[in-house]
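Grab a coffee and work through a few short exercises on the protein shown below. Try each task yourself before you read its solution.

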Amino acid sequence: FEALAGERTIAASDAERDPRTSEFTHSYLRPLGISAMLDAPIRRGGEVVGVVCHEHVGSARTWSVAEQWFAASSGDLAGLALSEAQRREAEASLRRSEERFRLLTENMSDLVTGVDPRGIITYDSPNHGERVGLPPESLVGSSVFDHVHPDDVPVVSEAIQDALARMEPVMVSFRARLGEG
């Protein structure tokens, strides 16, 4: 793996004598009769996570440039497939997490509101709009400060800044303006 970290392929025509592969002589090459090796790294995120191995049994052999390119391309393709599988799993995990969040916030009695750093509402639980006398969808995109009693704006502003600094949700109590008031 150390040799593969810095190379696109290892084309060892005489695997027992090649310093990049000779360490496998007694444990692997001789017992299996392998005389030549062509290895290509499988990389994911710049890290070697596997190897595509082509092994030749018999007399020493020289690997052609086309064979070396094929091995390297096979390693690249395997790395892309692993990255794609990891990406798909991350997306599925995110979808499951979002669904749990949605179910939780839609069915709890507490009000849940997401705001961006400027105080713009990015998410609002369905029961919030009902409690303040506005359709829930009318709150998303508006400023949270439009719905906070003027005396409580500093408390809400501080809570937003605290949430951003800690990168965690915060709970804040404040008086809300109901409906148009």
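The exercises below all use this one model, which is a predicted one.

**Exercise 1. The strands β1, β2 and β3**

Task: Work out how β2 pairs with β1 and with β3, and which residues stand opposite each other.

Solution:
- Start with β1 (residues 10-12). It pairs with β2 in the antiparallel sense, over three bridges. In this pairing, Ile 10 stands opposite Asp 39 of β2.
- Move on to β3 (residues 47-57). Ten bridges join β2 to β3, and the two strands run antiparallel.
- Now pick out opposite residues. Arg 44 faces Glu 47 in β3, and Met 37 stands opposite Glu 55 in β3.
- Finish at the turn. The β2 and β3 hairpin leaves two residues between the strands, and Gly 45 there takes a positive phi near 65 degrees.

**Exercise 2. Burial in β2**

Task: Decide whether Met 37 is buried or exposed, then do the like for β2 as a whole.

Solution:
- Place the residue: Met 37 sits in strand β2.
- Check the number against the cut-off. Buried means under 20% relative accessible area. Met 37 has 4%, so it is buried.
- Look at what is around it in space. Ser 13 is 24 residues away from Met 37 in sequence, yet their C-alpha atoms are 6.6 Å apart.
- Widen the view to the strand. Nine of the eleven residues of β2 (residues 34-44) are buried, so the strand is largely enclosed by the rest of the structure.

**Exercise 3. The helix α3**

Task: Compare the span of α3 with the expected one, and list its buried residues.

Solution:
- Take the length first. α3 (65-107) has 43 residues.
- Then take the span. From first C-alpha to last, α3 reaches 63 Å, close to the 63 Å expected at 1.5 Å a residue.
- Now the burial. Ala 71, Ala 72, Gly 75, Gly 79, Ala 92 and Thr 105 are buried in α3.
- Keep a general point in mind when you view that list: an α-helix has 3.6 residues a turn, so residues three or four places apart point the same way.

**Exercise 4. The β4 and β5 hairpin**

Task: Describe how β4 and β5 pair, and find the side-chain contact made by Asp 124.

Solution:
- Set out the pairing. β4 (113-115) and β5 (121-124) are antiparallel partners over three bridges. Gly 114 stands opposite Tyr 123 in β5.
- Look at the turn. Five residues lie between the two strands of this hairpin, and Gly 119 in the turn has a positive phi of about 90 degrees.
- Turn to Asp 124, which is found in β5. Its relative accessibility is 7%, so Asp 124 counts as buried.
- Find its partner: a polar contact of 2.6 Å joins the side chains of Asp 124 and Thr 113.

**Exercise 5. The largest pocket**

Task: Say how much space the largest pocket holds and what lines it.

Solution:
- Begin with volume: the largest pocket holds about 910 Å³ of space.
- Next, the lining. It has 29 residues, and the closest to the pocket centre are Leu 111, Val 112, Thr 113, Val 170 and Met 171.
- Sort the lining by element. α3, β4, β5, α4 (126-132) and α5 each supply at least two residues. α5 gives the most, with five.
- Sort it by chemistry. The lining divides into 20 nonpolar, six polar and three charged residues.

**Exercise 6. An unusual phi and some long distances**

Task: Explain what stands out about the phi of Met 167, then see how far apart two residue pairs are.

Solution:
- Recall the background: most residues other than glycine have a negative phi.
- Compare. Met 167 has a positive phi of about 55 degrees, although it is not a glycine. It belongs to the segment after α5 (153-166).
- Add accessibility. Exposed means over 50%; Met 167 is at 69%, so it counts as exposed.
- Take the pair Asn 127 and Asp 39. Asn 127 lies in helix α4 and is buried at 13% relative accessible area. The two residues are 88 apart along the chain, and 60 Å separates their C-alpha atoms.
- Take the pair Glu 16 and Gln 161. Glu 16 lies in the loop between β1 and α2 (25-32) and is partly exposed at 30%. Glu 16 and Gln 161 are 145 residues apart in sequence and 63 Å apart, C-alpha to C-alpha.

Conventions:
Residues numbered from 1 in each chain as written. Predicted model: local features only at pLDDT ≥ 70, side-chain atom pairs only at ≥ 80, totals over all residues. Heavy atoms only, no water. Helix = DSSP H or I, 4+ residues; strand = E, 2+ residues; numbered from the N terminus. Buried < 20%, exposed > 50% of the residue type's maximum accessible area, 1.4 Å probe, protein only. 1 Å grid on protein atoms, 1.4 Å probe; cavity = no way out; pocket = protein on both sides within 12 Å on 5 of 7 lines; lining within 4 Å. Points joined across faces, edges and corners; volume = space filled by probe spheres on them. Nonpolar A, V, L, I, M, F, W, Y, C, P; charged D, E, K, R; others polar. Expected span 1.5 Å × (residues − 1). Pairing = 2+ DSSP bridges. Polar contact = N/O pair within 3.5 Å; in protein donor to acceptor, adjacent residues only side chain to side chain.
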